[in-house]
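Please look through the sequence and the structure below before reading on. The paragraphs that follow go from the whole chain to single residues.

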Amino acid sequence: NSRKTFEDLKEDEAAAKLQDSGDSPKFLTHVGTLVDVLWTEKDLEGTNWDPGWYRGEVQRYDENDDQVFVFYFKDRAVNSLNATGAFADGIDRKSV
């Protein structure tokens, strides 16, 4: 089971654009949506964070690059990820 890092996802030019369908990650395009994003040990290398789910809020969605910008409450910083890739890999979910 090979997982892409967020950097790999950002560089994945072949990622499909979000589709407006029932099984799409459309929630990622809505500013203000609370999301949980899975960060792996590899993703967090060089930080003091532990792998796991981190809660954030969607700040912006760039349709041209299929990038979602998430404000993470833990470190009060914004990071981006490929929306379609993250959804396909199961590393993001809508917070309830």
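**Contacts, fold and selected residues**

In the protein chain, residues 24 or more positions apart account for 50% of the contacts with a separation of 6 or more. This is a predicted model, and its confidence should be kept in view: the mean pLDDT of the protein chain is 74, and 72% of its residues reach 70 or more. Among the elements, helix α1, residues 6-11, has the lowest mean pLDDT, at 45, while strand β3, residues 67-72, has the highest, at 92. The pLDDT is below 50 over residues 6-23, a stretch that nevertheless has 36 contacts in the model beyond near neighbours in sequence.

The secondary structure consists of two helices and five strands, and when it is read along the sequence it follows the pattern α-β-β-β-β-α-β. Of the 96 residues of the protein chain, 43% count as buried. The accessible surface comes to about 6,000 Å², and carbon and sulfur atoms hold 45% of that surface.

A place to begin with single residues is the loop between α1 and β1 (34-39), where Thr33 is found. Is Thr33 buried or exposed? Thr33 counts as buried because its relative accessibility is 13%, which is under the cut-off of 20%. The side chain of Thr33 reaches the backbone oxygen of His30 at a distance of 2.9 Å. When residues up to four places away in sequence are not counted, Thr33 touches Phe27, Gly56, Glu57, Val58 and Lys94.

The loop between β2 (52-62) and β3 holds both Glu63 and Asp66, and these residues can be taken in turn. Glu63 counts as exposed, because its relative accessibility is 60% and the cut-off for exposed residues is over 50%. Glu63 and Thr29 are 34 residues apart in sequence, and in space they are 8.4 Å apart, taken from C-alpha to C-alpha. Asp66, by contrast, has a relative accessibility of 1% and therefore counts as buried. The backbone of Asp66 also deserves attention, since its phi is near 55 degrees, a positive value in a residue other than glycine. Most residues other than glycine have a negative phi.

From this loop the chain can be followed into the next pair of strands. Which strand pairs with β3, and in which sense? Strand β4, residues 77-82, pairs with β3 in the antiparallel sense, over six bridges. Within this arrangement, Gln67 stands opposite Asn82, a residue of β4. The hairpin of β3 and β4 has four residues between the strands, and in this hairpin Arg76 takes a positive phi near 55 degrees.

Arg76 is found in the loop between β3 and β4, and like Asp66 it can be described by both its backbone and its accessibility. Its phi, near 55 degrees, is a positive value in a residue other than glycine. Arg76 counts as exposed because its relative accessibility is 63%, whereas Asp66, with a phi that is also near 55 degrees, counts as buried at 1% relative accessibility. A positive phi is thus described here for Asp66, in the loop between β2 and β3, and for Arg76, in the loop between β3 and β4.

Technical notes:
Residues numbered from 1 in each chain as written. Predicted model: local features only at pLDDT ≥ 70, side-chain atom pairs only at ≥ 80, totals over all residues. Heavy atoms only, no water. pLDDT = per-residue confidence, 0-100. Contact = heavy atoms within 4.5 Å. Buried < 20%, exposed > 50% of the residue type's maximum accessible area, 1.4 Å probe, protein only. Areas by Shrake-Rupley, 256 points an atom, 1.4 Å probe, with all protein chains shown as cover. Polar contact = N/O pair within 3.5 Å; in protein donor to acceptor, adjacent residues only side chain to side chain. Pairing = 2+ DSSP bridges.
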